[in-house]
Amino acid sequence: GATSWMVRDVTERRRMERTVQDEQSKVVDFLEHAPVGFYSVDAEGRFLFVNETLAGWLGTTASELMRGEARLHQFVADTLPGHAAAHNPFAGASDEHSGEVTLRARDGRLFPTVIGQSVVRLPDGQLRTRSVVRDLTPERAMAMALARSEASFQRFFDEAPVGIALIDGEGRISECNRAFRRMVGLNQADARGRRFLDLVRGEDGSELAERLARVAAGQERIEGGAIEVRLTGGARPVVASVFASRLERGSGETPGVILHVLDITDRKHLETQ
């Protein structure tokens, strides 16, 4: 007529279960809101899994896509061959593939992506994909903005009324604008790689060489006390005022010098008169 009770302390087990659940929640949250899209479809192109990131790009929700009505090819804007497998967003037939694919959102918006996909074939003959999607829109927008910025800078640089030349660590011209090339009578191809001091006449070059070396070493900056030199090669003799500052380069590269060269020939003639 007795009742037997057995009491076991499960505190540690519960603590471990909660820890595992917390970690699982973190993993799920990461997958759902990662900055890349994840999806898996079966052989018919039905979505078995979609994270919220990709669903948002497509203008829908993950639950709606996984109800069984949506198909992968409905969101592929690229023209696929008629024999293309329903689970494959690429024109090729390889199970292991990666490439650019243009996707179409529910509102008709097109956006470029890179999809990396592998296909898993299960023992029962079914298959599913493991697919990762990266939206290229921000990268393309950044690349276009950078290209516009570079084009604008190149235009301002080349059309500046004052001569500008970039001198590398060996004293050679790596880049120069139109005004500078006009002073020394060289085209772009001939100017690049030329030693700047070879374009300076006579004794003007020795003092300039010493001061440019100090500028490259960060010991001096030629500003208000610009050096006057005579340049060779142009259609007429040119007296120029040279301003110089240190040009920092990439890691491991020798610093160079950026020169601003002002043609003061006419001013010198007036002073002489």
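1. G37 lies opposite V133 of strand 5. Y39 likewise faces a partner in strand 5, namely S131. Strands here are DSSP runs of E, at least two residues long, numbered from the N terminus.

2. The model is predicted: local features need pLDDT of at least 70, side-chain atom pairs count only at pLDDT 80 or more, and totals for chains, interfaces and linings use all residues. Residues are numbered from 1 along each chain as its sequence is written, and side-chain values use heavy atoms, with hydrogens and water left out.

3. Strand 1 (residues 37–41) and strand 5 (residues 127–135) pair in the antiparallel sense, with 3 bridges between them. Two strands count as paired if DSSP finds at least two bridges between them.

4. Strand 5 is also joined to strand 4 (residues 110–121), through 9 bridges and again antiparallel. Within this pairing, V119 has T129 of strand 5 as its bridge partner. The two strands, 4 and 5, make a hairpin with 5 residues between them, and G125 in the turn has a positive phi of about 95°.

5. The wider arrangement is an open sheet of 5 strands, in the order 2-1-5-4-3, with antiparallel pairing. Strand 2 (47–50) and strand 3 (97–104) are its edge strands, each pairing on one side only. On average, neighbouring strands of the sheet are turned by 30° against each other, direction ignored; axes are lines fitted to C-alpha atoms, and angles run from 0 to 180 degrees between N-to-C directions.

6. In a regular strand, side chains alternate between the two faces of the sheet. The covered face of strand 5 holds L127, T129, S131, V133 and D135, whereas R128, R130, V132 and R134 belong to the uncovered one.

How values were computed. Buried < 20%, exposed > 50% of the residue type's maximum accessible area, 1.4 Å probe, protein only.
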